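Me: I am new to this structure and would like a close look at a single part of it, the sheet. Please take me through how it is put together.

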Amino acid sequence: MKKVLFAAILLFMSAGAFAQIEAPVKWSYAAKKISSTEAVVFLRATIQDGWHIYSQTVKDGGPIKTSFTFSPSKQYSLIGQTIEPTPVTKYETSFSMNVSYFEKSVTFQQKIKLKSANVSVVKGKLEYMTCNDKKCLPPDDIDFSIPLGK
């Protein structure tokens, strides 16, 4: 029942979004080897003024949280969880709860263990939802491929 209610709220809030294509968030990626066996992957969202994306820690019943799924690989493995800076936390009447989000820009980081000296890219998918004070856009899924460099 909660899922139906949430879907109805999203549909109502995003009805105006279909009148024009909006893309208030741009993603960019980088990676840095920190040793011969470890690297850090950076996933950066640049967010237009007035918009925000949600933390990875949003509770159930709220907006779609930002999430990262890294493709399984024999060449590398994840070390811990994807980390994020401290988000803004405020009550949003749209969701009738406190939610944590990021404005302007945010960089998420994922540490990886290199199982091979030949790792060239880290691949995966991210999902996020963006809202402003008037509406939310439907969640978006983006595939990423991040070169590791030397």
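Reply: What follows describes the sheet strand by strand, then one residue in it, and ends with the rest of the model.

The model is predicted, and its average pLDDT is 88, with 86% of the residues scoring at least 70.

The sheet is open and is formed by 4 strands in the order 1-2-8-5, with antiparallel pairing. Strand 1 (25–33) and strand 5 (76–83) are the edges; each has a single partner strand, so one side of each has no neighbour in the sheet. From one strand to the next, the twist averages 20 degrees.

Strand 8 covers residues 105–114. In the order of the sheet, strand 8 stands between strand 2 and strand 5. Strand 2 (residues 38–47) runs antiparallel to strand 8, and 9 bridges join the two. On that side, Glu38 is placed opposite Lys113 of strand 8. The pairing of strand 5 with strand 8 is also antiparallel and has 5 bridges. Here Ile79 lies opposite Lys111, and Ile83 lies opposite Gln109.

The two faces of strand 8 can be told apart by their cover. Val106, Phe108, Gln110, Ile112 and Leu114 make up the covered face, while Ser105, Thr107, Gln109, Lys111 and Lys113 make up the uncovered one. Lys111, the residue opposite Ile79, is therefore on the uncovered face of strand 8.Thr82 belongs to strand 5. Is Thr82 buried or exposed? Thr82 has a relative accessible area of 12%, under the 20% limit, so Thr82 counts as buried. Its side chain makes a polar contact of 2.7 Å with the side chain of Gln110, a residue of the covered face of strand 8. Apart from neighbours within four places in sequence, Thr82 is in contact with Gln56, Phe68, Phe70, Phe108, Gln109 and Gln110.

Two other parts of the model complete the account. The structure has 1 disulfide, which joins Cys131 to Cys136 with an S to S distance of 2.0 Å. The torsion about this S-S bond is about 105 degrees, so the disulfide is right-handed. Both Cys131 and Cys136 are buried. Over residues 4–12, pLDDT stays under 50, and the model has 7 contacts beyond four places in sequence for this stretch. Where pLDDT is low, predicted coordinates should not be read in detail.

Conventions:
Residues numbered from 1 in each chain as written. Predicted model: local features only at pLDDT ≥ 70, side-chain atom pairs only at ≥ 80, totals over all residues. Heavy atoms only, no water. Pairing = 2+ DSSP bridges. Axes fitted to C-alpha atoms, helices over the stretch in contact; angles between N-to-C directions. Disulfide = S-S within 2.5 Å. Buried < 20%, exposed > 50% of the residue type's maximum accessible area, 1.4 Å probe, protein only. Polar contact = N/O pair within 3.5 Å; in protein donor to acceptor, adjacent residues only side chain to side chain. Contact = heavy atoms within 4.5 Å. pLDDT = per-residue confidence, 0-100.
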